[in-house]
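Let's take a friendly walk through a protein chain together. Have a look at the model first, and then we will start with a single residue and work outward.

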Amino acid sequence: SDFPEALRIAAGGTLVIDDFAVTPGLSDTDRRNIGALGLRALVAASLRGGEGSLLWAIVAVSATPRGWTPDEIALVE
């Protein structure tokens, strides 16, 4: 993956990032690769086939920072 830390987080549950520039826990590689895509915020919900087994993910993205509402997160999930 081009996003090793983000993928690790998403594999464990829903990943919600309001602003990649200030989110703790992301690697420099994640920040560089995500920035190259022009993304600043995302919600990623995953379907897992077991512990650590990521089968599929759906992602909503934003080119600007944003505070995702509980309803938006629930919709993606």
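## A serine to start with

S62 counts as buried, because its relative accessibility is 11% and the cut-off for buried is under 20%. Keep in mind as you look at it that this is a predicted model. You can find S62 in strand 3, which covers residues 54–62.

What does the side chain of S62 lie close to? A polar atom of this side chain is 2.7 Å from the backbone oxygen of T64. Leaving aside residues up to four places away in sequence, S62 touches L39, R40, A41 and W68. Two of these names, R40 and W68, will come up again below.

## The chain as a whole

Now let's step back. The protein chain contains three helices and three strands. Following the sequence from start to end, you meet them in the pattern α-β-α-β-β-α.

The chain has 77 residues, and 30% of them are buried. Its exposed surface is about 4700 Å², with carbon and sulfur atoms supplying 56% of that area. Contacts tell us about the fold too: among those with a separation of 6 or more, 47% join residues 24 or more positions apart.

## Two salt bridges

How many salt bridges does the count give? The count comes to two. One of them pairs R40 with D19, and their closest N and O atoms are 2.8 Å apart. R40 sits in the loop between helix 2 (28–36) and strand 2 (41–48), while D19 sits in the loop between strand 1 (15–17) and helix 2, so this pair ties together parts that are 21 residues apart in sequence.

Are the partners buried or exposed? R40 counts as partly exposed, because its relative accessibility is 31%. D19 counts as buried, because its relative accessibility is 14%.

Another salt bridge joins E72 and R66, with 2.5 Å between the closest N and O atoms. E72 is partly exposed, with a relative accessible area of 27%. R66 also counts as partly exposed, at 30% relative accessibility.

## A closer look at D19

Let's return to the loop between strand 1 and helix 2, where D19 has its place. Which atoms does its side chain reach? The side chain of D19 comes to 3.0 Å from the backbone nitrogen of A21. It also makes a polar contact with the side chain of R40, at 2.8 Å.

If you set aside residues up to four places away in sequence, D19 touches R40 and P65. R40 therefore links two of our stops: R40 is touched by S62, and R40 forms a salt bridge with D19.

## The nonpolar cores

Which residues form the largest nonpolar core? It has eight residues: L15, I17, F20, L26, I34, L39, L42 and A44. Strand 1 and strand 2 each supply at least two residues of this core.

There is also a second, separate core of six residues, including A41, V43, A45 and W68. This brings us back to our starting serine. S62 touches L39, a residue of the largest core, and S62 also touches A41 and W68, which belong to the second core.

Note on methods:
Residues are numbered from 1 along each chain as its sequence is written. This is a predicted model: local features need pLDDT of at least 70, side-chain atom pairs count only at pLDDT 80 or more; totals for chains, interfaces and linings use all residues. Side-chain values use heavy atoms; hydrogens and water are left out. Helices (H or I, at least four residues) and strands (E, at least two) are DSSP runs, numbered from the N terminus. Buried means under 20% relative accessible area, exposed over 50%, partly exposed in between (1.4 Å probe, protein chains only). Contact means heavy atoms within 4.5 Å. Accessible areas come from the Shrake-Rupley method with a 1.4 Å probe; for residues, only the protein chains shown count as cover. A polar contact is a pair of N or O atoms within 3.5 Å; within protein, one must be able to donate a hydrogen and the other to accept it, and residues adjacent in sequence count only if both atoms are side-chain atoms. A salt bridge is a side-chain nitrogen of Lys or Arg within 4 Å of a carboxyl oxygen of Asp or Glu. A nonpolar core is a set of buried Ala, Val, Leu, Ile, Met, Phe, Trp, Tyr and Cys residues joined through side-chain atoms within 4.5 Å.
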